[in-house]
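Please open the model in your viewer and keep the sequence panel beside it. The stops below are meant to be selected one after another, and each says what to look for once the selection is made.

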Amino acid sequence: MIICMLAACSQKETAQSKEEQHNPETLTLAIGGEPEAGFDPTTGWGRYGSPLFQSTLLKRDQDLEITTDLAKDYQVSGDGLHWTVQLREDVVFSDGEELTAEDVSFTYETAMQAQSVVDLSNLKKIEVKSEDEVVFHLEKPQSTFITTLLTLGIVPKHAYGNDYAENPIGTGPYQMVEWRKGEQLIVEKNPNYYGEEPEFKRLTFLFIEEDQALAAAKTGIVDVLSVPATLAEQNISGMNRLSFKSVDNRGVMLPIPEPYENEAGERVGNEVTSDLYIRQAMNYAVDRQAIVDGVLNGEGTKSFSSVDGLPWGNEDAVVEYDVEKAKQLMQEGGWKKGTDGIYQKDEIKASFTLYYPTGDQLRQSLSLVFAEMMNEFGIEVKTEGKSWNDLEKVMHANPVMMGWGSHDPVELYYLFSSKMQGVEYYNSNYYANQTIDQYFQKAIQETSQEKANEYWKKIQWDGKTGVSAKGDAPWVWLVNIHHIYYVKEGLDIGDQKVQPHGHGWPITDFITEWKWKN
């Protein structure tokens with residue numbers, strides 16, 4: 001009915017919709033895109049936010065501290081090879097069936113077989129000790145295995161089939177009622193939920209364009225609306241504007257090698273960005289604060305990595321805006337300005353095309369501003385928009401405006417490990433550094449999170465090398481984007497943790513705490 005109303009419904013339908021809208025037990029949300037692959041955690045649903053329909057063994061609180069969820073406790077053996085999890089005994093699925101360790105084992109085995117973004121390649125076997133206890137046996141110690149316990153929602157062995165992604169059953173706070181693809185998703189409270197009972201009986205998620213969502217919010221249809229930072233200055237009567245910090249970053253991915261053709265026949269590398277001095281100079285020549293103020297209207301922070309401000313981030317990797325330093329680097333690298341004001345070295349002109357995804361207004365704006373700053377400095381940057389399908393064909397040989405950001409330090413591995421070169425969108429610039437690869441191995445195989453964090457920090461900068469601008473500078477990170485929401489007056493959505501990349505509706509992490517203020 002909501003979608004119909006937006007398209008132009010009769011006055012009777014409109015009145016009915018507004019009556020539903022004022023029901024204090026329902027909410028309508030326009031907070032992001034539709035998950036095309038559906039709602040199956042074993043293939044990736046829930047990695048960037050609450051699985052909603054499913055629960056995880058562990059979770060992070062508002063301070064990013066690890067707490068229990070389906071698990072009531074867990075232990076890790078001294079050698080880091082055996083992870084034992086004890087389950088709560090009061091959990092049933094939304095269909096009334098009891099959760100057991102068999103469901104946990106089935107979930108992880110299914111995820112292993114799926115060979116999706118859920119990486120369980122180091123999981124040797126799963127042992128069900130009892131109905132309430134399961135042991136994960138690893139091939140090698142893996143500090144990052146805890147991330148899987150935090151993000152992989154548990155699915156029911158008895159009710160999992162080929163259509164599960166479209167008809168999920170789980171132990172989460174909500175259950176699916178209806179999914180009209182391309183239009184909306186309707187969910188209702190799971191009456192069997194073991195945790196804090198949600199105040200809202202029904203939620204409707206709208207999958208509509210930004211302008212439609214904004215119009216719906218202004219007419220009172222939408223209770224919670226997310227908007228990009230470029231639309232952050234809206235005046236919507238009856239709604240409060242909220243701004244949340246994030247590690248949802250944007251930056252320029254720079255191809256590292258000299259140009260060549262790989263085994264698949266793809267062109268890899270770039271004759272300009274393969275030069276270290278060029279890459280480092282751009283990092284000093286870009287005024288990140290000006291971008292935050294101008295493009296983001298102040299709704300963001302300067303970015304120097306994909307993990308700024310997280311426990312495994314390295315503040316020593318930060319570089320400040322310094323044009324003179326950038327000029328010095330260009331001189332040291334043998335680059336000289338030509339009569340046209342553009343740097344040149346031998347027969348190579350400091351010129352390249354920066355690509356961005358067509359239809360992404362923010363990335364387009366960031367690309368244009370970055371290009372303007374570099375052109376003024378003396379590095380010629382042209383910009384061009386392409387579809388993601390077309391970007392996949394050029395991204396190994398050309399700079400692309402990309403974005404990442406999660407609560408998982410292993411994302412550093414995906415972005416910079418030599419083993420991840422050209423895998424999907426990971427390490428698209430074919431970065432490789434033997435020292436960094438050794439740090440990755442040590443970080444992942446550590447048995448304690450604290451010791452692992454020491455290596456994650458060295459990966460960014462160890463005083464001599466790293467993936468930051470002080471080291472190999474494979475990226476020019478620009479900004480972390482604040483997530484902007486408009487929320488109906490009187491609706492309290494509680495405290496939020498630093499938000500990850502925008503996929504997966506991260507604002508719903510603490511949906512059970514949402515309530516109307518007295």
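Buried, in this tour, means under 20% relative accessible area, exposed means over 50%, and partly exposed is in between, with a 1.4 Å probe and protein chains only. Helices (H or I, at least four residues) and strands (E, at least two) are DSSP runs, numbered from the N terminus. The model is predicted, and local features need pLDDT of at least 70, side-chain atom pairs count only at pLDDT 80 or more, while totals for chains, interfaces and linings use all residues. Residues are numbered from 1 along each chain as its sequence is written, and side-chain values use heavy atoms, with hydrogens and water left out.

**Stop 1: strand β24**

Select residues 483-488, which make up strand β24, a mostly covered strand in which 6 of its 6 residues are buried. If you display the side chains, H483, Y485 and V487 point one way, whereas I484, Y486 and K488 point the other way, and all are buried. Two strands count as paired if DSSP finds at least two bridges between them. Add strand β11 (residues 224-227), which is joined to β24 by 4 bridges and runs antiparallel to β24; here S226 stands opposite Y485. Then add strand β12 (residues 239-244), where 6 bridges make the connection to β24, again in the antiparallel sense, and where M239 stands opposite K488.

**Stop 2: the sheet with β4, β5, β7 and β6**

Move next to an open sheet of 4 strands, to be followed in the order β4-β5-β7-β6, with antiparallel pairing. Its edge strands, each pairing on one side only, are β4 (71-76) and β6 (123-130). Axes are lines fitted to C-alpha atoms, for helices over the stretch in contact, and angles run from 0 to 180 degrees between N-to-C directions. Neighbouring strands of this sheet are turned by 15° against each other on average, direction ignored. Between β6 and strand β7 (residues 133-138), which run antiparallel, there are 6 bridges, and V128 stands opposite V134 in β7. With the sheet still selected, add helix α3 (residues 101-114), which packs on the sheet and touches β5 (82-87), β6 and β7 (contact meaning heavy atoms within 4.5 Å), its direction making about 165° with that of β6.

**Stop 3: Q142 and T147**

Q142 is found in the loop between β7 and α4 and is buried, with a relative accessible area of 13%. Not counting residues up to four places away in sequence, Q142 touches G80, W83, N122, I444, Q445 and E446. A polar contact is a pair of N or O atoms within 3.5 Å; within protein, one must be able to donate a hydrogen and the other to accept it, and residues adjacent in sequence count only if both atoms are side-chain atoms. Such a contact, at 3.1 Å, joins the side chains of Q142 and N122.

Now select T147, which belongs to helix α4 (residues 145-151) and is buried, with a relative accessible area of 9%. Leaving aside neighbours within four places in sequence, T147 is in contact with D408 and P409, and the side chains of T147 and D408 make a polar contact of 3.1 Å. For another distance to display, the C-alpha atoms of T147 and L58 are separated by 8.8 Å, although these residues are 89 apart along the chain.

**Stop 4: helix α6 and its two partners**

Which helix has an axis that comes within 8 Å of that of helix α6 (residues 276-285)? Helix α8 (residues 323-332) does, with the two axes crossing at roughly 170°. Angles under 35 degrees count as roughly parallel, over 145 as roughly antiparallel, 65 to 115 as roughly perpendicular and the rest as oblique; α6 and α8 are therefore roughly antiparallel to each other. On α6 the contact involves Y277, I278, Q280, A281, Y284 and A285, and on α8 it involves V323, K325, A326, L329, M330 and E332.

Keep α6 selected and add helix α9 (residues 361-377), noting that the axes of α6 and α9 come within 10 Å and cross at roughly 110°, so these two helices are roughly perpendicular to each other. Here A281, M282 and A285 of α6 meet F370, M374 and F377 of α9.
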